[in-house]
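Me: Could you take me through one part of this model in detail, starting from a single residue and then turning to the enclosed and open spaces in the fold?

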Amino acid sequence: MGCDGGTIPKRHELVKGPKKVEKVDKDAELVAQWNYCTLSQEILRRPIVACELGRLYNKDAVIEFLLDKSAEKALGKAASHIKSIKNVTELKLSDNPAWEGDKGNTKGDKHDDLQRARFICPVVGLEMNGRHRFCFLRCCGCVFSERALKEIKAEVCHTCGAAFQDDDVIVLNGTKEDVDVLKARMEERRLRAKLEKKTKKPKAAESVSKPDVSEEAPGPSKVKTEKPEETSLDSREKKNNLAPKSTATNESSSGKAGKPLCGATKRSIADSEESEAYKSLFTTHSSAKRSKEESAHWVTHTSYCF
């Protein structure tokens, strides 16, 4: 039964105790969180987006996830809270000038420094490698270190100048407590948006119905209830009211043609103080009047045919 050749087994080889819990390497975990997409597990490449819980994604992977309607989509628990492209924000990242990437390690004989990161904080200069807490603004997408926001307190973004509130600050790859707080904010924000949509719909319906009510004509019921005698009396009153208006308009038009107005006093040339030569120019003068015998003939219309 073994032990041949002078082999001496030890106790841990014969007695099986409880298995030790495997510890995850912190450096490997940080590299996976800050350099790889949470959904597709591919290297992050621009355009890079972040959700309302502070997780990093490739924008192409998010679009493919939203368009995918197969049964395998249920496996993507990391992006189950993303319902549309509006739920993610495209990040504005600042490149790290000291980061070389895979350019200097073409042969594979060079040590990869895990402390180096592709992006840095544009205000303080800290590298975004997971050693320092970073956050982004949901209103504009700019990324800063948490130290920069604490040291330089302002209500305006440090790079683009957009105004923001405390609710717009989202921690990237935060702890479980940070994720719980962000999840509660996300649910409150979505409930608020739904309530605003519901309140806008009745307001729009009221604004459409108000002009229709004001422009409504009297219905057939109102017309039918009126008696025939009342309608005949109304028509007579309307005719009587229209008659003086028409006479007034005729008088005004005739007055424009040359007739004097009612209130104006007539003035004859004979009563004026002008000379006789001037008065003789008008038909009202005695020299211009003719007798019946001298008047024009009805056939020839000349005054010389009697």
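Reply: Asn129 lies in the loop that runs between β5 (119-120) and β6 (134-137), strands being DSSP E runs of at least two residues and helices H or I runs of at least four, numbered from the N terminus. The model is predicted, so local features need pLDDT of at least 70 and side-chain atom pairs 80 or more, while totals for chains, interfaces and linings use all residues. Residues are numbered from 1 along each chain, and side-chain values use heavy atoms, without hydrogens and water.

Asn129 counts as buried because its relative accessibility is 11%, where buried means under 20% (1.4 Å probe, protein chains only). The side chain of Asn129 reaches the backbone nitrogen of Arg131 at 3.1 Å.

As for enclosed space, a search of the whole structure finds two cavities of 30 Å³ or more (a cavity being a set of points on a 1 Å grid over the protein atoms alone where a 1.4 Å probe fits but cannot get out, lined by residues with an atom within 4 Å of a point). The second largest cavity holds about 50 Å³, a volume being the space filled by probe spheres set on the points, which are joined across faces, edges and corners. The lining of this second largest cavity is made up of Trp34, Asn35, Leu44, Ala117, Arg118, Phe119 and Met128. By class, five of these lining residues are nonpolar, one is polar and one is charged (Ala, Val, Leu, Ile, Met, Phe, Trp, Tyr, Cys and Pro are nonpolar; Asp, Glu, Lys and Arg charged; the others, Gly among them, polar).

Notes
On a 1 Å grid over the protein atoms alone, a cavity is a set of points where a 1.4 Å probe fits but cannot get out, and a pocket is an open set with protein on both sides within 12 Å along at least five of seven lines; lining residues have an atom within 4 Å of a point. Buried means under 20% relative accessible area, exposed over 50%, partly exposed in between (1.4 Å probe, protein chains only). A polar contact is a pair of N or O atoms within 3.5 Å; within protein, one must be able to donate a hydrogen and the other to accept it, and residues adjacent in sequence count only if both atoms are side-chain atoms.
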